[in-house]
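Let's take a walk through this one together. Have the model open and ready to rotate as we go.

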Amino acid sequence: MSTCPSRPAIIAGVGPGTGASVARKFAQQYPVILMARNPDNYTPIVEEIEKKGGWARGISVDVSDAGSVERGFEEVGRLLGGEDKGGKVAAAVFNVGGRFIRKPFLELTQEEFEAGWDANGFPRRLPLHPRHPPPPPRLYPLFPHSSSPPTPHPPTLIFTSATAALKGSANCASFATGKFALRALAQSLAREFGPKGVHVAHAVIDGVIDIPRTKGWKVEGEDAKISADAIADAYWYLHTQPRTTFTNEIDIRPYVEKW
């Protein structure tokens, strides 16, 4: 497997919807490394980008499994040339949707409650680099160091989230606690790494996204679903913001959405 020709964008949670749109958008400017639990989700996008002259690779990763995440980032390291240093990734998008469970709290099993946390509560499953001291997160290639060469845009980390990160609806305890954790992680990382020039953003996607899985869903109003390509455009806009003007949280919703 060839090494990455330049700083890539990493998209975790790639499927035929938002992840694919984000991958296509960032592939216009960067090599892309795509992650999904099922290779069937990223393989068509990798092939599409490669046919158009881009550079793309896919890695099978289950973000709810620490060992899988560790192996995935070991593969990222190999694709980056094996150099164990920061400043080698242009952008990373955490687009894992998690498992949505709508059920009364007293009827939730332990597994159902933790399902929302395991994917969205990413810090619990984020392995640490084995070297000491100190052990930086496995996403260390994203974060620049003093010898990192300048880049056209600040290194960027974007979390795809939902309204549940702002308000926990009834019967959505599992999903809401996971999204609250994701937002807390984004805020903490923004405050820690923002002063070092890393742009961390939390994206609240409020509404039904227009993807193959939701084609048959009935919603009221014309253009009532969110365009996945438009989400990708918004993410690219976040990535290209200068460090004088970071947006750390963005709400994206269709005009008919009640909020």
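How do H1 and H6 sit relative to each other, and at what angle do they cross? In this predicted model, the axes of helix H1 (residues 18-27) and helix H6 (residues 228-240) come within 8 Å and cross at roughly 50 degrees. Angles under 35 degrees would count as roughly parallel and 65 to 115 as roughly perpendicular, so H1 and H6 are oblique to each other. As for hand, the crossing of H1 and H6 is right-handed. From the H1 side, the contact is made by Thr18, Ser21, Val22, Lys25 and Phe26. H6 answers with Ala228, Asp229, Ile231, Ala232, Asp233, Tyr235, Trp236 and His239. Sort the residues of this H1–H6 contact by type and you get 7 nonpolar, 3 polar and 3 charged.

Now swing over to helix H5, which runs over residues 173-193. H5 has 21 residues and reaches 30 Å from its first C-alpha to its last, close to the 30 Å expected at 1.5 Å a residue. Plenty to look at along this helix: the buried residues of H5 include Ser174, Phe175, Ala176, Gly178 and Lys179. Keep following H5 and you also meet Ala181, Leu182, Leu185, Ala186, Leu189, Ala190 and Phe193, again buried.

Step back to the loop between strand E5 (156-162) and H5, and you'll find asparagine 171. Its backbone deserves a look: asparagine 171 has a positive phi of about 70 degrees although it is not a glycine. Is asparagine 171 buried, partly exposed or exposed? The relative accessibility of asparagine 171 is 37%, so this residue counts as partly exposed.

From asparagine 171, hop across to leucine 106: the two are 65 residues apart in sequence and 9.4 Å apart in space, C-alpha to C-alpha. Leucine 106 belongs to the loop between strand E4 (91-94) and helix H4 (110-120). With exposed meaning over 50% relative accessible area, leucine 106 counts as exposed because its relative accessibility is 80%.

One more loop to visit, the one between strand E7 (209-210) and strand E8 (226-227), where aspartate 223 lies. Here too the backbone is worth checking: aspartate 223 has a positive phi of about 55 degrees although it is not a glycine. The relative accessible area of aspartate 223 is 60%, so aspartate 223 is exposed.

Methods
Residues numbered from 1 in each chain as written. Predicted model: local features only at pLDDT ≥ 70, side-chain atom pairs only at ≥ 80, totals over all residues. Heavy atoms only, no water. Axes fitted to C-alpha atoms, helices over the stretch in contact; angles between N-to-C directions. Helix = DSSP H or I, 4+ residues; strand = E, 2+ residues; numbered from the N terminus. Parallel < 35°, antiparallel > 145°, perpendicular 65-115°, else oblique. Left-handed = near helix turned anticlockwise from the far one by under 90°. Contact = heavy atoms within 4.5 Å. Nonpolar A, V, L, I, M, F, W, Y, C, P; charged D, E, K, R; others polar. Expected span 1.5 Å × (residues − 1). Buried < 20%, exposed > 50% of the residue type's maximum accessible area, 1.4 Å probe, protein only.
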